[in-house]
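Let's take a walk through this one together, chain by chain. Keep the sequence and the coordinates open beside you as we go.

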Amino acid sequence: MTIIIWVIIAIVAILIIAFIAIFNGLVRLRNQVKNAWAQIDVQLKRRHDLIPNLVETVKGYMKHERGTLEAVTKARNLAQQLASAGPGERAKVEGELSSALGRLLAVAEQYPDLKASQNFMALQEELASTENKISFSRQFYNDSVMQYNNQTQMFPSNVVANMAGFRPGEFFEVTVAAEKEAPKVSFT
Amino acid sequence: MWQQIRSNRIRSVFLVIGMGILLALLGYFLGLYFFGSGTGGLFIALIIWAIMSLVGYFQGDSILLATSRARKIAPDDHPRLYNVVEEMKIASGMETMPSIYIMDDPALNAFATGRDPKKASVAVTSGLLQKLNRDELQGVVGHEMSHVKNRDVLLMAMCAVLLGTIVVLAWYASRFMIFGGMGRTRRSSSSGGSAGQAIIIIVAIVLMILAPILAQLIYFALSRRREYLADASSALYTRYPEGLASALEKIAGSTDQLKSVNKATAPMYIMNPFRKQGMSAEDLTSTHPPISQRIRILRAMSGASYEDYSAAYQQVLHTDKAFIPAAAITTLESVRLRTAQPEAPEKLEEVQRVRETTNALWNSHNYKVIQCTCGTRLRLPPSYKKREIRCPHCGRINPV
């Protein structure tokens, strides 16, 4: 009789330990997703901060391109307003900002004075790098979300996930067609 | 990504354990031979190993950086390099930014050290900064930083210490055997049967000769495996293996030899600094796999994940041996490659890069910068002691 009780206790103990291990794994993955999102946030904010500087530098040289400049400023303001929205929403506005930026830089190609200015070249490097950082942090974020989603959906961790209320994460996919290729930041 | 690191960690641990066993065996039999006590020999071997480990662990980074004459740079000194390192830090998921160093050397090479991803350092030569474009630089930096992320640096440092201890023990043992032979036989004839004694002598001698060789082979095999892994990781982070491939091509094509490097630090670099022209394909004593193979594997990749690298590896080397065990590959959706970043025509870009790198070096050497009213920036070396300088463009005398 007592043997059976011990066996039951052992099984329950094993189940509890397994539960804790899986729960901790899920927590770790979820925190990694949050951390990765914070990284993207940092880079997006950095881009928002760079843009007014860019517009100022460029305005003196590109007097007839008012439309393009205004489009960039508007897109940037909109993106800044939605800074606390979820990944899906932000992907959309950030994508539009990227395409507006791309158009501005494409137009800047035709102004050799602008291209030769030291300020503009430094800014270009900063912008190119920020675009890269955004896409790398996006890459890392999506990979983390994938890992986390796998764990919340595959057996046996999905049991723990449902019991403890872990919800699958949202991908940060850029949906604007024009942004499927990164903006052409050229160094000429 | 994380399972793969764990699996390689397990395999590498086995190799290190193998080396540890070699060391223990050597210590034991040498102890038996010299003082009739196996455990005594073992103990001495462990002490030597512990001392060398501690020194290597705590001072390894600074020793390496000092011997390679690397200068630390601030973020503003070289924005492009700093940004590339930061991009790779984000892509690899490292928590803190590594310190960045530039080595003033026209040879093309780079390395990274750091037993802990939180305290890492990356160093590149000025030649590399001048000759590579942004994608290529990204590939190289990604490769180096993945060494830190995958704990390769810690592993190879530990192995180097094990190897060093084995070599030291074997060397001293051989000296004592040669010069102390007479005394030994007289003393040891009292302790055991002569047959047992003969076996111990033979085993000790065999181990003394073989252990360093075996340890070296293990060390080099481990080093080559980690290099392939770093190439694969770089491709995964950048999503652009062609960048690293063309960087390796440029590095292989250059004939400059790195000025300050020795055999101990060689494995840390991205390219074997001791390579000779026409080194044979599977050279067992090389710390790095042959460059042509690395380039071909990278170019054969159809996607950017570890699976794709593994497939390319098997295809290029005509082998069925898996590079990474299947169980360790995470099933990331097929990872797409990205397109190249458009760059200016090579010549113009290279002039800019040379200027940028030289400025960074001069800043780190504390050159003074003076702005003349005509717009020229005058850079004065620290040895310039006069009070004023004449601008070469407009002739104006500027105060220092």
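What follows is a tour of the two chains, beginning with chain A and then moving on to chain B. One thing to keep in mind from the start: this is a predicted model.

Start with chain A. Its secondary structure is all about helices, with 6 helices and 0 strands. Read from the N terminus, the elements simply go α-α-α-α-α-α. The radius of gyration of chain A is 24 Å, and the globule rule gives 16 Å for 188 residues, so the chain is more spread out than a compact globule. The box filled by its C-alpha atoms tells you about the outline: roughly 90 × 25 × 25 Å along the principal axes. As for burial, 32% of the 188 residues of chain A count as buried. If you take the contacts in chain A between residues at least 6 apart in sequence, 81% of them join residues at least 24 apart.

For a concrete spot in chain A, look at A:Arg47, which sits in helix 1 (residues 2-59) of chain A. Is A:Arg47 buried or exposed? With 21 other C-beta atoms within 10 Å, A:Arg47 is buried, because the cut-off for that label is 20 or more. Its surroundings include parts of the chain far off in sequence: A:Leu127 is 80 residues away along the chain, yet the two C-alpha atoms are separated by 7.3 Å. Setting aside residues up to four places away in sequence, A:Arg47 touches A:Thr130 and A:Ile134.

Now over to chain B. Here the secondary structure comes to 12 helices and 8 strands. Of its 400 residues, 40% count as buried. Among the contacts in chain B with a separation of 6 or more, 66% are between residues 24 or more positions apart.

A good way into chain B is its open sheet of 4 strands, which are ordered 1-2-4-3 with mixed pairing. Strand 1 and strand 3 (110-113) of chain B are at the edges with a single partner strand each, so one side of each has no neighbour in the sheet. On average, neighbouring strands of this sheet are turned by 25° against each other, direction ignored.

Where does the mixed pairing show up? Follow strand 2 (residues 99-103) of chain B. Strand 1 (residues 70-72) of chain B runs antiparallel to strand 2 of chain B, and 3 bridges join them; in strand 2 of chain B, B:Tyr101 stands opposite B:Lys72. With strand 4 (residues 121-125) of chain B, strand 2 of chain B pairs in the parallel sense, over 5 bridges. Along that pairing, B:Ser99 faces B:Ser121 of strand 4 of chain B, and B:Met103 has B:Thr125 as its bridge partner. Strand 2 of chain B is also largely enclosed by the rest of the structure, because 4 of its 5 residues are buried.

Strand 4 of chain B leads on to the core. B:Val122 is one of the residues that touch the most other members of the largest nonpolar core, which has 96 residues; B:Leu26, B:Phe29, B:Cys159, B:Leu162 and B:Ile166 are the others. Which residues does B:Val122 contact, leaving aside neighbours within four places in sequence? They are B:Val85, B:Pro98, B:Ile100, B:Ala112, B:Val141, B:Glu144 and B:Met145. Apart from this core lies another, of 15 residues, including A:Val93, A:Ala100, A:Leu104 and A:Ala128.

Next, helix 5 (residues 134-149) of chain B. This helix lies across strand 3 and strand 4 of chain B, and runs at about 25° to strand 3 of chain B. Helix 5 of chain B also meets helix 9 (residues 241-253) of chain B, their axes coming within 7 Å and crossing at roughly 95°. The two helices are therefore roughly perpendicular to each other. On the helix 5 side, B:Asp135, B:Glu136, B:Gln138, B:Gly139, B:Val140 and B:His143 make the contact, and on the helix 9 side it is B:Gly243, B:Leu244, B:Ser246, B:Ala247 and B:Lys250.

Last stop: helix 11 (residues 306-316) of chain B. Its buried residues are B:Tyr306, B:Glu307, B:Asp308, B:Tyr309, B:Ser310, B:Ala312 and B:Tyr313. Just past the end of helix 11 of chain B, look for B:His318, which takes a positive phi of about 50°.

How values were computed:
Residues numbered from 1 in each chain as written. Chains lettered and ligands numbered in written order. Predicted model: local features only at pLDDT ≥ 70, side-chain atom pairs only at ≥ 80, totals over all residues. Buried ≥ 20, exposed ≤ 12 C-beta atoms within 10 Å, placed from the backbone. Pairing = 2+ DSSP bridges. Rg over C-alpha atoms; globule rule 2.2 N^0.38 Å. Contact = placed C-beta atoms within 7 Å. Core = buried A, V, L, I, M, F, W, Y, C linked by C-beta atoms within 7 Å. Axes fitted to C-alpha atoms, helices over the stretch in contact; angles between N-to-C directions. Parallel < 35°, antiparallel > 145°, perpendicular 65-115°, else oblique.
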